[in-house]
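Thanks for coming, everyone. I'll walk you through one structure today, piece by piece. Have a look at it first.

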Amino acid sequence: MNFDRRNVLMVGATVFLAGCQIIPSGGSRTPAPPPPPTTAPVPSPTPSALPQDEERHRVALLVPMSGANGEVGQSIANATTMALLDANADNLRITTYDTATGAASAAATAIADGNALILGPLLAENVSAVQAVARPADVPLISFSNDTSVAGADAFVMGHIPEQSIDRTVRYAGEQGSRNFAAIVPDGEYGRRAEAALTSSISNFGGRLVGVERYTRGNSSITSAAERLRARGGYDTVLIADGTRLSAQAAQVFRQGGTQILGTELWSGEADVFRSPALRGAWFSAVSDARFKRFSETYEERFGSKPYRIATLGYDAVLLALNVAQEWRVGRDFPVGALRSEDGFLGLDGPFRFQRNGVVYRAMEVREVRADDVTIVDAAPARF
């Protein structure tokens, strides 16, 4: 199905926690230093009620602006400023509220200020608290989490979904002849989700799950898990559900066996993904980075630091609100039904649309790790 022109979110020449891995665009897991003073306006929490608006829609951004995830929240807030500047928008007021001091109280202030849409929160654990305040006021929210369990009729999940990345890669592997799969997954929620996604995906084309080995993150047990799996045998393809550093340790065990290695979206943006010979030839899927490079460069010019990869969600969320605002009358409830457009939308991370259950569905590309780079071997579809 082709995208409707009215749903295209790109503007001008500028080209986007529970469960979310937060990575700066440079690939390092180390948080970027606080940015220097900026030349562009940065959204900031409002200390009191906002002035009356007769021509602008009020939209609240609920992210942590302090505490452990403060830099991530600031990166998202900066990206929303970029979106407003790039779109030259004068019909939207974005006000940022700090969830680090209490998600429920931030939501209550946002509702009292008259905001008709909430962008956020970042953490899945905060969604229910925000929803408890927003739902009685008929204010929907678009969360930046990737936890599908918090989605609902008035709570949309916009983050990059691990299950979609795994499904895309597994389907591609099946098309290339993979039939017998195994997996190495970490203990915990991410590992359970990865295993369930693999099981579901291979069943769709008649594949077989040979075995799953689990390990505890933070020590050498991933290598032990790989050795146990190697001893079992009977598979042609192995999914390793972790970042590139630990995945490379596990993949080393299979180098001599001709096993096809699969990764997850956690590999996206990691600068060292192609530096390990053990990962060469591996496949993984992620949203397109075609527009992220330009976004990152512009962001750094304006704010003096590199953005976190997740910041694109803030950019696209604002443009999504602007798109809907074309037929959204000031002072009226946000038209939630517009978010479920069958045609979907085009953002910095490529095509996406919200499914009926409130979970975003994204078009992803399949990449192959090679000796000195990562190459797209199956491009993201341009339509759903």
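In what order do the five strands of the open sheet stand? The order is β2-β1-β3-β4-β5, and the pairing is parallel. Please keep in mind that this is a predicted model.

Now the edges of that sheet. They are β2, residues 92-98, and β5, residues 155-157. Each has a single partner strand, so one side of each is left without a neighbour in the sheet. The sheet is also twisted: ignoring direction, neighbouring strands are turned by 25° against each other on average.

Take one pair from the middle. Strand β1 covers residues 57-63, strand β3 covers residues 117-119, and the two pair in the parallel sense over three bridges. If you want a spot to click on, alanine 60 stands opposite isoleucine 118 in β3.

What packs on this sheet? Helix α2, residues 103-112, touches β1, β2 and β3. The direction of α2 makes about 170° with that of β1. Then there is helix α9, residues 311-325. Helix α9 lies across β1, β2, β3 and β4, the last being residues 141-143. Against β2, α9 runs at about 140°. Remember α9. We will meet that helix again.

Let me step back to the whole chain. How many helices and strands are there in the protein chain? Nine helices and 15 strands. The chain has 384 residues, and 56% of them count as buried. About 15,600 Å² is exposed, with carbon and sulfur atoms supplying 48% of that area.

Next, two helices that meet. A packed pair is described by the angle and the distance between the two axes. For helix α1, residues 70-87, and helix α8, residues 292-303, the axes come within 11 Å and cross at roughly 100°. That makes α1 roughly perpendicular to α8.

Who makes the contact? From α1, the list includes Gln74, Asn78, Met82 and Leu85. From α8, it includes Phe295, Tyr299 and Phe303. The contact residues divide into six nonpolar, five polar and two charged.

Now some backbone oddities. Most residues other than glycine have a negative phi, and most peptide bonds are trans. Here are some exceptions.

A cis peptide bond joins glycine 120 and proline 121, with omega about 5°. Proline 121 sits in the loop between β3 and α3, residues 127-134.

Asparagine 88 is not a glycine, but its phi is positive, near 50°. You'll find asparagine 88 in the loop between α1 and β2. Is asparagine 88 buried or exposed? Its relative accessibility is 66%, so asparagine 88 counts as exposed.

Aspartate 138 is another non-glycine with a positive phi, this one about 60°. Aspartate 138 is in the loop between α3 and β4. At 52% relative accessibility, aspartate 138 counts as exposed.

On to the inside. In helix α7, residues 244-252, the buried residues are Thr244, Leu246, Ser247, Ala248, Ala250 and Ala251. What covers them? The cover includes β6 (180-186), α6 (221-232), β8 (237-240) and β9.

Strand β10 is covered on both faces. Trp283 and Ser285 are buried on one side, Phe284 and Ala286 on the other. Which strand pairs with β10 in the antiparallel sense over four bridges? That is β14, residues 365-369. Within this pair, serine 285 stands opposite valine 366 in β14.

Just before β10 there's a loop worth a stop. Arginine 275 lies in the loop between β9, residues 260-262, and β10, residues 283-286. Arginine 275 is exposed, at 57% relative accessible area. Its C-alpha atom is separated by 8.9 Å from that of arginine 370, and the two residues are 95 apart along the chain.

Last stop: another open sheet. This one has three strands in the order β11-β12-β13, with antiparallel pairing. The edge strands are β11 (345-347) and β13 (360-362), each pairing on one side only. The twist averages 35° from one strand to the next.

And here is α9 again. Helix α9 packs on this sheet too, touching β11, β12 and β13. The direction of α9 makes about 140° with that of β11. As for the strands themselves, β11 pairs with β12, residues 350-354, over three bridges. There, phenylalanine 345 stands opposite phenylalanine 352.

That's the tour.

Note on methods
Residues are numbered from 1 along each chain as its sequence is written. This is a predicted model: local features need pLDDT of at least 70, side-chain atom pairs count only at pLDDT 80 or more; totals for chains, interfaces and linings use all residues. Side-chain values use heavy atoms; hydrogens and water are left out. Two strands pair if DSSP finds at least two bridges between them. Axes are lines fitted to C-alpha atoms, for helices over the stretch in contact, and angles run from 0 to 180 degrees between N-to-C directions. Contact means heavy atoms within 4.5 Å. Angles under 35 degrees count as roughly parallel, over 145 as roughly antiparallel, 65 to 115 as roughly perpendicular and the rest as oblique. Ala, Val, Leu, Ile, Met, Phe, Trp, Tyr, Cys and Pro count as nonpolar, Asp, Glu, Lys and Arg as charged, and the others, Gly among them, as polar. Buried means under 20% relative accessible area, exposed over 50%, partly exposed in between (1.4 Å probe, protein chains only). Accessible areas come from the Shrake-Rupley method with a 1.4 Å probe; for residues, only the protein chains shown count as cover.
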